[in-house]
Amino acid sequence: MAVNRPKPLVAGNWKMNGLKAAAKELALLVKAVAGAKSKPRCDIMICPPATILSLCAETARGSGIKLGGQDCHTEISGAHTGDISAEMLKNAGARACIVGHSERRTDHGESNSEVKRKAEAAHRAGLMAIVCLGETAAERSLGKTIKIVGQQLKASLPEGADHKNCVIAYEPVWAIGTGKTPTVADIAKVHGYIRKRLIALLGDETGMKIKILYGGSVKASNAKELMGISNVNGALVGGASLKAKDFLGIIAAY
Ligand code: PEP
């Protein structure tokens with residue numbers, strides 16, 4: 001398959017990390033991007049906790065750095081104590097929302113169909129959905145990676161998905177926060193498969209344009225190699241997105 005290079009996206013997922021003071025890291029990122037000799041060759045996004053989304057939106061205003069939520073409810077509003085709707089995230093300054101992160105699938109038992117409805121809720125609110133997929137260590141050791149990823153993709157992909165409203169993030173569960181990464185050949189195989197399935201499900205043009213991010217222990221030292229793999233159109237970064245210096249090292253891979 002031909003090498004496919006839509007404009008990459010490097011998105012940081014801060015997870016349940018960050019009090020108001022964490023906006024200072026975003027301010028450092030904004031400053032570094034503004035002061036750089038040339039414009040970044042990738043889109044940059046930070047997904048902070050919802051409690052500081054508005055503050056981060058203020059901090060990033062005018063910088064080109066986009067903000068995203070980490071999860072959303074399927075409904076617009078209502079009796080859902082503790083939940084946050086996609087519309088609320090949009091109202092707080094988000095442009096996108098991660099859905100189906102493995103920590104949501106594991107900690108909250110989210111199914112593919114729920115992930116799909118969340119992605120559709122993100123679209124309803126005008127947010128881009130970042131749909132996460134990935135096999136567990138056990139599934140991998142049974143040789144089921146492609147099967148699991150294929151099932152998750154088909155069942156989690158929202159109706160009307162296209163390159164403007166949808167990004168796929170392949171994140172092997174066993175690589176998240178562990179310092180382990182798949183081999184270049186393994187990532188190329190899974191991303192190539194996702195690309196092929198996207199084309200089969202959505203047609204040539206849309207299927208080729210949808211970004212497929214890799215996530216799982218991406219850091220400055222491995223970013224260049226990982227981001228150079230065919231059909232890897234950026235990264236979803238956890239731990240290494242918390243400090244501006246580390247995250248800038250990943251952005252510099254482009
Ligand atoms: C993540 O949770 O999306 C992730 C990729 O985490 P880390 O980069 O810390 O492995």
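This section describes the ligand site of a predicted model, then two backbone details and two pairs of packed helices.

The ligand makes a convenient starting point. Its surroundings comprise 14 residues, and the closest among these are Lys15, His101, Glu171, Gly177 and Ser217. Sorted by residue class, the shell around the ligand holds 8 polar residues, 4 nonpolar ones and 2 charged ones. Three contacts to oxygen atoms of the ligand can be given with their distances. From the side chain of His101, an N or O atom is placed 2.7 Å from an oxygen atom of the ligand. The backbone takes part as well: Gly238 has a backbone N or O atom 2.8 Å from a ligand oxygen, and for Gly239 the corresponding distance between a backbone N or O atom and a ligand oxygen is 2.9 Å. Taken on its own, the ligand has 290 Å² of accessible area, of which the protein covers 95%.

Two of the residues named above, Lys15 and Ser217, are among the closest to the ligand, and a look at their backbone is worthwhile. Lys15 is found in the loop that runs between strand β1 (9-13) and helix α1. Its phi is near 50 degrees, which is a positive value in a residue other than glycine. Ser217 belongs to the loop between β7 (211-215) and α10 (220-227). Although Ser217 is not a glycine, its phi is positive too, at about 60 degrees. For readers preparing the ligand site for further calculation, these two loop residues thus combine a place among the closest to the ligand with positive phi values, as given for Lys15 and for Ser217.

Attention now turns to the helices. Two packed helices are described by the angle between their axes and by the distance between those axes. The helix that follows the Lys15 loop, α1, spans residues 23-35, and its axis comes within 9 Å of that of α2 (residues 53-60), with a crossing angle of roughly 20 degrees. An angle under 35 degrees counts as roughly parallel, and α1 and α2 are therefore roughly parallel to each other. Their crossing is right-handed.

The second pair consists of α5 (residues 112-124) and α7 (residues 145-156), whose axes lie 8 Å apart and whose packing angle is about 45 degrees. These two helices are therefore oblique to each other. As for the sense of the crossing, α5 and α7 cross in a right-handed manner.

Methods
Residues numbered from 1 in each chain as written. Predicted model: local features only at pLDDT ≥ 70, side-chain atom pairs only at ≥ 80, totals over all residues. Heavy atoms only, no water. Near = heavy atom within 4 Å. Polar contact = N/O pair within 3.5 Å; in protein donor to acceptor, adjacent residues only side chain to side chain. Areas by Shrake-Rupley, 256 points an atom, 1.4 Å probe, with all protein chains shown as cover. Nonpolar A, V, L, I, M, F, W, Y, C, P; charged D, E, K, R; others polar. Axes fitted to C-alpha atoms, helices over the stretch in contact; angles between N-to-C directions. Helix = DSSP H or I, 4+ residues; strand = E, 2+ residues; numbered from the N terminus. Parallel < 35°, antiparallel > 145°, perpendicular 65-115°, else oblique. Left-handed = near helix turned anticlockwise from the far one by under 90°.
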